[in-house]
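Biologist: I'd like to go through this one with you, starting with charged side chains and ending with helix packing. Shall we take a look?

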Amino acid sequence: MLKSDLQIILDADLKKYNRLISVINHCNTEFTKNYFPFLGSEEPLTSISLYSFYPLLFDTILEIPKNTIDLLTKISHFHFFTLFLLDKIYDKQQIQDAFSLLALMDMHYESKSQINQFVQDNEKRTLIKHFYQETKHGLYKEKYNYDKHTQMSLSEIESYCFSKYSYAKIAILLYAEVSKKDNRDTLQKLLVSHDYFAVGRQILDDLDDFDEDYQNNSFNIYRSFFMAHYGAERRQVASKELKYDLLELAKEYFKKALVETQKYSNTGWNRYILFYLKEAEKLIVLLK
């Protein structure tokens, strides 16, 4: 994602964007000092992605107090980066990068401790525990139970995507707790919206990676649909017709995600969904 696209989604001018980058860079420096002082503060341990700014997608919808945004940005940054490291280790099927494991342990401890410290509502705590378990179970199944020969129905693909993206819903529950507003109905709509978005987003990812996933013997939605359309024995090729159908399906899920939060149209979350909806539309035009 381009910096300019990120600024539009976050509704952040250059000054606001640079301040947020400064907050995250400070977090990285402090983390290095606290856990890896022997490396020196100039050593970057983490990269910055949209997930580092995740609270800003929901600050308006959940009425998050402005004075908590910097802290939530810090927690979100490490929360999501632990998932990236875990996925990296899982992808290799063995711990070849020992340093990633060391960083993962400390980042996960720090982010999880802060989340547990802030979230006191028992219902949310139960959901957070469930989503942590779903994340681990989903990763386990993806890496050890599924392969390029796995064929799923649409409902199974939904469950697969809901599970795979459940880590992000932990962050949303944290933001809802910090808000201190009675936002249960809004929160439920956000979680449903996030599930629909997850399906559309995963379809786009898998359309981008289907050749690589095939070579790595990994499950891929395109491959699953390819087998359903052409048979499991046929050699996988790029099918224009199938790509079109999957892009249209991704659009359907993005639109469903927008319906759930339609009353919050001018928000980071809806702009984020719209960004990927437009990406799907652009790809459809290129196929014609």
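Modeller: Let's start inside one helix of this predicted model. Aspartate 205 and arginine 201 both sit in helix H9 (residues 184-215), four residues apart, which is about one turn of the helix.

Biologist: Okay, so how far apart are the closest N and O atoms of aspartate 205 and arginine 201?

Modeller: A salt bridge needs a side-chain nitrogen of Lys or Arg within 4 Å of a carboxyl oxygen of Asp or Glu. Aspartate 205 and arginine 201 do form one, and their closest N and O atoms are apart by 2.6 Å.

Biologist: Is arginine 201 buried or exposed?

Modeller: Buried means under 20% relative accessible area. Arginine 201 has 16%, so it counts as buried. Its partner aspartate 205 has 24%, so that one is partly exposed. For arginine 201, then, the word is buried.

Biologist: Which residue does lysine 282 meet in a salt bridge?

Modeller: Look in helix H12 (residues 268-287), where lysine 282 has a partner three residues away, about one turn of the helix. That partner is partly exposed, at 27% relative accessibility. The N to O distance is 3.4 Å, and the partner is glutamate 279.

Biologist: Which residue pairs up with glutamate 142?

Modeller: The closest N and O atoms of this salt bridge are 3.0 Å apart, and the partner is a lysine. This pair links distant parts of the chain, with glutamate 142 in helix H6 (residues 122-145) and its partner 22 residues away in helix H7 (residues 154-164). Glutamate 142 is buried at 13% relative accessibility, while the partner is partly exposed at 30%. It's lysine 164.

Biologist: How many salt bridges does the count come to?

Modeller: We've talked through some of them, including the one between glutamate 142 and lysine 164. By the 4 Å rule, the count comes to seven.

Biologist: Now the packing: are H9 and H12 roughly parallel or roughly antiparallel?

Modeller: Their axes come within 11 Å and cross at roughly 25°. Angles under 35 degrees count as roughly parallel. H9 and H12 are therefore roughly parallel.

Biologist: And how many nonpolar residues are in the contact of H9 with H12?

Modeller: H9 passes H12 in a left-handed crossing. Among the residues making the contact are Leu190, Phe197 and Arg201 of H9, and Trp269, Ile273 and Leu283 of H12. The contact includes two polar residues and one charged, and the number of nonpolar ones is nine.

Note on methods. Residues are numbered from 1 along each chain as its sequence is written. This is a predicted model: local features need pLDDT of at least 70, side-chain atom pairs count only at pLDDT 80 or more; totals for chains, interfaces and linings use all residues. Side-chain values use heavy atoms; hydrogens and water are left out. Helices (H or I, at least four residues) and strands (E, at least two) are DSSP runs, numbered from the N terminus. Buried means under 20% relative accessible area, exposed over 50%, partly exposed in between (1.4 Å probe, protein chains only). Axes are lines fitted to C-alpha atoms, for helices over the stretch in contact, and angles run from 0 to 180 degrees between N-to-C directions. Angles under 35 degrees count as roughly parallel, over 145 as roughly antiparallel, 65 to 115 as roughly perpendicular and the rest as oblique. A crossing is left-handed if the near helix is turned anticlockwise from the far one by less than a right angle, and right-handed if clockwise. Contact means heavy atoms within 4.5 Å. Ala, Val, Leu, Ile, Met, Phe, Trp, Tyr, Cys and Pro count as nonpolar, Asp, Glu, Lys and Arg as charged, and the others, Gly among them, as polar.
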